[in-house]
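Work through the exercises below with the sequence and the model in view. Try each task before reading its solution.

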Amino acid sequence: MRATIVVLIAAAAGLLSVQAALGQDEKQVEAGEAVYNDYCQTCHGANLVNSGQTFDLRKLRKDERARFENSVTNGKNQMPPWKGVLDSGQLDAVWAYIRANANDR
């Protein structure tokens with residue numbers, strides 16, 4: 001009986017931590033959407049849907065974080081560098097927003 005109670009308590013604690021993590025991820029995605037709308041939407045399109053004139057950010061794979069960060073920080077082709085404008089927390093948030101809407105979820 002006591003072992004069953006311990007297992008149930010552990011399971012409930014695990015469920016709560018998963019729910020907290022999901023809530024945190026959701027907040028990160030929402031923050032990323034706000035940063036995206038402020039800095040990226042003009043060129044990359046509303047809701048990450050562009051006109052074909054710029055790179056479709058939804059094509060970024062989860063293993064391309066370094067590519068994303070380098071392009072945003074240092075600029076690429078017609079994209080200006082955002083170093084000194086966007087901080088690491090904002091980059092994390094935009095990445096979370098992109099990944100939440102990526103083609104390869």
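Two residues are in contact when they have heavy atoms within 4.5 Å of each other. Among contacts in the chain between residues at least 6 apart in sequence, 56% join residues at least 24 apart. The model used throughout is a predicted one.

**Exercise 1. The outline of the chain**

Task: State how many helices and strands the chain has, and what share of its residues is buried.

Solution.
Step 1. The secondary structure consists of four helices and zero strands.
Step 2. Along the sequence this gives the pattern α-α-α-α.
Step 3. The chain has 105 residues, and buried residues make up 26% of them.

**Exercise 2. The nonpolar core**

Task: Describe the largest nonpolar core and find which helix gives the most to it.

Solution.
Step 1. The largest nonpolar core holds 14 residues. Those with the most contacts inside it are Tyr 36, Leu 48, Leu 57, Leu 60, Phe 68 and Ile 98.
Step 2. At least two residues of this core come from each of α1 (2–39), α3 and α4 (88–100).
Step 3. The helix that gives the most is α4, with five residues.
Step 4. Now take Ile 98. Apart from its neighbours within four places in sequence, Ile 98 is in contact with Leu 48, Leu 57, Leu 60 and Phe 68.
Step 5. As background, nonpolar side chains in soluble globular proteins tend to be buried together.

**Exercise 3. Two positive phi angles**

Task: Compare the settings of Asn 47 and Leu 48: is each one buried or exposed?

Solution.
Step 1. Most residues other than glycine have a negative phi.
Step 2. Asn 47 is not a glycine, yet its phi is positive, at about 55°. Leu 48, also not a glycine, has a positive phi of about 70°.
Step 3. Asn 47 is in the loop between α2 and α3, and Leu 48 is found in the loop between α2 and α3 as well.
Step 4. The cut-offs are under 20% relative accessible area for buried and over 50% for exposed. Asn 47 has a relative accessible area of 52%, so Asn 47 is exposed. Leu 48 has a relative accessible area of 1%, so Leu 48 is buried.

**Exercise 4. Helix α3 and Val 72**

Task: List the buried residues of α3, then follow the contacts of Val 72.

Solution.
Step 1. The buried residues of α3 are Phe 68, Ser 71, Val 72 and Thr 73. What covers them includes α4.
Step 2. Val 72, in helix α3, is buried because its relative accessible area is 9%.
Step 3. Not counting residues up to four places away in sequence, Val 72 touches Met 79, Pro 80, Pro 81, Trp 82, Lys 83, Leu 86 and Leu 91.
Step 4. Leu 91 is 19 residues from Val 72 along the chain, and their C-alpha atoms are separated by 8.3 Å.
Step 5. After α3 comes Gly 75, with a positive phi near 80°.

**Exercise 5. The cysteines**

Task: Find how many disulfides the structure holds, and decide whether Cys 40 and Cys 43 are buried or exposed.

Solution.
Step 1. A disulfide needs two cysteine sulfur atoms within 2.5 Å. The structure holds zero disulfides.
Step 2. Cys 40 is in no disulfide, and the nearest cysteine sulfur, that of Cys 43, is 8.8 Å away.
Step 3. Cys 40 has a relative accessible area of 16%, so Cys 40 is buried. Cys 43 has a relative accessible area of 52%, so Cys 43 is exposed.

**Exercise 6. The largest pocket and Thr 54**

Task: Describe the lining of the largest pocket and place Thr 54 in its surroundings.

Solution.
Step 1. The largest pocket has about 560 Å³ of space.
Step 2. Its lining has 21 residues, of which His 44, Thr 54, Phe 55, Lys 76 and Met 79 lie nearest the centre.
Step 3. The elements that give two or more residues to this lining are α2 and α3. The most come from α3, with four residues.
Step 4. By type, the lining divides into 13 nonpolar, six polar and two charged residues.
Step 5. Thr 54 is in the loop between α2 (41–44) and α3 (65–74). Thr 54 counts as partly exposed because its relative accessibility is 27%.
Step 6. Not counting residues up to four places away in sequence, Thr 54 touches Cys 43 and His 44. The C-alpha atoms of Thr 54 and Cys 43 are separated by 6.8 Å, with the two residues eleven apart along the chain.

Conventions:
Residues numbered from 1 in each chain as written. Heavy atoms only, no water. Buried < 20%, exposed > 50% of the residue type's maximum accessible area, 1.4 Å probe, protein only. Core = buried A, V, L, I, M, F, W, Y, C linked by side-chain atoms within 4.5 Å. 1 Å grid on protein atoms, 1.4 Å probe; cavity = no way out; pocket = protein on both sides within 12 Å on 5 of 7 lines; lining within 4 Å. Points joined across faces, edges and corners; volume = space filled by probe spheres on them. Nonpolar A, V, L, I, M, F, W, Y, C, P; charged D, E, K, R; others polar.
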